[in-house]
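Trainee: I'd like to take a close look at just one part of this protein: its nonpolar core. Could you walk me through who sits there and how the helices around it pack?

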Amino acid sequence: MSKLLNLTKYDILDLFPRLSNLGASSFGEDPELFGDTLFEVIEDAPRMHRLPFKQQTVNELRTLLAYSDMDLDRVSWAVLGMDPTADIEEPPNWGSFPSLRAFWSAVLHTFENDPEVRAGREIDRDG
């Protein structure tokens, strides 16, 4: 049974504030502004944020991926401005994922492997 069944969209946004932020930016209504393909958008998502955001995102993603597929669908609907499983025509070669779990797992992998997250500290990007 769904653990999030009785939560409103706004409750879910409050429960996953970092994912909500990603949904409003990188994965928002015009995610192609952040990359030529969905895979590039995912790869670039951590670069726009500071270390605390990245670490909190990793924690939220781990929590999200512990939920059932039904709950995963409900959270994705609430926080994303697009459907990462849809095979869309525009932009060409955008890409899609076979499931929401595969999509969020790819996002988690990218954030977990961010150099700052791995180092546990902010890295001077100018030096």
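Mentor: Let's start with the busiest residues. The largest nonpolar core has 32 residues, and Leu19, Phe27, Val79, Phe103, Trp104 and Val107 touch the most other members. The elements that give two or more residues to this core are α2 (17-24), α3 (38-44), α4, α5 and α6. Keep in mind that you're looking at a predicted model. As a rule of thumb, nonpolar side chains in soluble globular proteins tend to be buried together.

Zoom in on Trp104 next. Setting aside neighbours within four places in sequence, Trp104 is in contact with Leu19, Leu61, Leu64, Leu65, Leu72, Ser76, Val79 and Leu80. Hold on to that list, and let's see how the helices meet.

Which residues join α4 to α6? Begin with the geometry: helix α4 (residues 51-66) packs on helix α6 (residues 100-112) at an angle of about 150 degrees, and their axes are 9 Å apart. Angles over 145 degrees count as roughly antiparallel, so that's the label for α4 and α6. Their crossing is left-handed. On the α4 side, the contact uses Lys54, Thr57, Val58, Leu61, Arg62, Leu64 and Leu65, while α6 brings Arg101, Trp104, Ser105, Val107, Leu108, Phe111 and Glu112. Sort the residues of this contact by class and you get 8 nonpolar, 2 polar and 4 charged. There's our Trp104 again, on the α6 side.

Now follow Trp104 over to α5. The axes of α5 and α6 come within 10 Å and cross at roughly 65 degrees, which makes the two helices roughly perpendicular. α5 passes α6 in a left-handed crossing. Here α5 offers Asp69, Leu72, Asp73, Ser76 and Val79, and α6 answers with Leu100, Arg101 and Trp104. That contact of α5 with α6 has 4 nonpolar, 1 polar and 3 charged residues.

Leu19, another name from the top of the core list, takes us to α2. Helices α2 and α4 pack at an angle of about 105 degrees, with 8 Å between their axes, so they too are roughly perpendicular to each other. Pro17, Arg18, Leu19, Asn21 and Leu22 of α2 meet Phe53, Gln56, Thr57, Glu60, Leu61 and Leu64 of α4. By class, the contact of α2 with α4 splits into 6 nonpolar, 3 polar and 2 charged residues.

What about Phe103, also on that core list? One residue in contact with Phe103 is Pro84, which lies in the loop between α5 (69-79) and α6. Pro84 counts as buried, because its relative accessibility is 1%. Besides Phe103, Pro84 is in contact with Leu38, Ser96, Phe97 and Leu100, again leaving aside neighbours within four places in sequence. For a sense of distance, the C-alpha atoms of Pro84 and Arg62 are separated by 18 Å, and these residues are 22 places apart along the chain.

Let's finish in α3, where you'll find Asp44. Asp44 has 24% relative accessibility, so it counts as partly exposed. From Asp44 to Gly120 it's 76 residues in sequence and 19 Å in space, C-alpha to C-alpha.

Conventions. Residues numbered from 1 in each chain as written. Predicted model: local features only at pLDDT ≥ 70, side-chain atom pairs only at ≥ 80, totals over all residues. Heavy atoms only, no water. Axes fitted to C-alpha atoms, helices over the stretch in contact; angles between N-to-C directions. Helix = DSSP H or I, 4+ residues; strand = E, 2+ residues; numbered from the N terminus. Parallel < 35°, antiparallel > 145°, perpendicular 65-115°, else oblique. Left-handed = near helix turned anticlockwise from the far one by under 90°. Contact = heavy atoms within 4.5 Å. Nonpolar A, V, L, I, M, F, W, Y, C, P; charged D, E, K, R; others polar. Buried < 20%, exposed > 50% of the residue type's maximum accessible area, 1.4 Å probe, protein only. Core = buried A, V, L, I, M, F, W, Y, C linked by side-chain atoms within 4.5 Å.
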